[in-house]
Amino acid sequence: SLPIPQSVEHLLRPKIDRLSSEARRTLMLLAVFQEAIEPRGVGAILGAERETCLGALEELTDAGILGWERERATVTHTLLRESVYANVSPARLSWLHGRVALYLRDHTENPPAGQLALHCHRAGLRSEALGYSLTAAEEAEESGGVQEAIQFLFMALEDCEDRDLET
């Protein structure tokens, strides 16, 4: 994706910097998750106590950063989510993607293979990412999503190459 314009970054950064550390941590997770999520999911992924999690979500809502869709929290604006994501350290991104992948796999019914592939890939979980990428490519092809299928096949190829380098 394209980089966030500096003028937008300058507008968003002060708002984010005023948040508590728990709210910033929660916002980072929401930027990685990319979908609307229930509060208990946020707590499960972050390993946060219920009150801490709810307090962070309320703070983000009061700041106008979160919106709610049927009791699920979501970042209100794509540029805001992308800006937060772009400013998360690589180590934290990898950890968060891994936590999201585990949550999707273990706590959701029929998680989409594409989401699992993406999160496993970005977490460096190459074996898991490979399997999910191939499944997602097949599903995309069957539904007529040729471009999406190609993207997942490229992801699978990267995961194969990374595994070959490790052995």
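## Reading helices in a predicted model

Tutor: Before we start, keep in mind that this is a predicted model. Shall we begin with α4?

Student: Gladly. How far does helix α4 reach from its first C-alpha to its last?

Tutor: One way to read a helix is to set its span beside the expected one. Helix α4, residues 50-62, has 13 residues and reaches 18 Å, close to the 18 Å expected at 1.5 Å a residue.

Student: Which residues of α4 are buried?

Tutor: They are C53, A56, L57 and L60. These residues sit on the same side of α4, because they cover an arc of only 95° around the axis.

Student: And which exposed residues does the face turned away from that buried side carry?

Tutor: That face of α4 carries E51, E58 and D62, which are exposed.

Student: What covers the buried residues of α4?

Tutor: For this, look for the elements in contact with them. The cover includes two helices, α2 (21-33) and α3 (39-46), along with the strands β1 (66-69) and β2 (72-75). While you are there, look just past the helix: α4 is followed by G64, which has a positive phi, near 80°.

Student: Now a helix pair. At what angle do α1 and α5 pack?

Tutor: Read the angle together with the distance between the axes. Helix α1 (residues 6-17) packs on helix α5 (residues 78-86) at about 75°, and their axes are 10 Å apart. Angles of 65 to 115 degrees count as roughly perpendicular, so α1 is roughly perpendicular to α5.

Student: Which residues meet there?

Tutor: From α1 come V8, E9, L12, R13 and I16, and they meet L79, L80, S83 and V84 of α5. By class, the residues of this contact are six nonpolar, one polar and two charged.

Student: Let's try single residues. Is H119 buried or exposed?

Tutor: Check its relative accessibility: buried means under 20%. H119 is at 2%, so it counts as buried. Its place is in helix α7, residues 113-123.

Student: What does H119 touch, not counting residues up to four places away in sequence?

Tutor: Its partners are V32, F33, H97, G98, V100, A101 and L104. Notice V32 in that list: α2, the helix spanning 21-33, also helps cover the buried residues of α4.

Student: Where does A136 lie?

Tutor: A136 is in helix α8, residues 126-142. Its relative accessible area is 4%, so A136 is buried. Leaving aside neighbours within four places in sequence, A136 is in contact with A113, G114 and F152. You can also compare sequence and space: P111 is 25 residues from A136 along the chain, and their C-alpha atoms are separated by 11 Å.

Terms used
Residues are numbered from 1 along each chain as its sequence is written. This is a predicted model: local features need pLDDT of at least 70, side-chain atom pairs count only at pLDDT 80 or more; totals for chains, interfaces and linings use all residues. Side-chain values use heavy atoms; hydrogens and water are left out. Helices (H or I, at least four residues) and strands (E, at least two) are DSSP runs, numbered from the N terminus. The expected span of a helix is 1.5 Å times one less than its number of residues. Buried means under 20% relative accessible area, exposed over 50%, partly exposed in between (1.4 Å probe, protein chains only). The arc is that of the directions from the helix axis to the C-beta atoms. Contact means heavy atoms within 4.5 Å. Axes are lines fitted to C-alpha atoms, for helices over the stretch in contact, and angles run from 0 to 180 degrees between N-to-C directions. Angles under 35 degrees count as roughly parallel, over 145 as roughly antiparallel, 65 to 115 as roughly perpendicular and the rest as oblique. Ala, Val, Leu, Ile, Met, Phe, Trp, Tyr, Cys and Pro count as nonpolar, Asp, Glu, Lys and Arg as charged, and the others, Gly among them, as polar.
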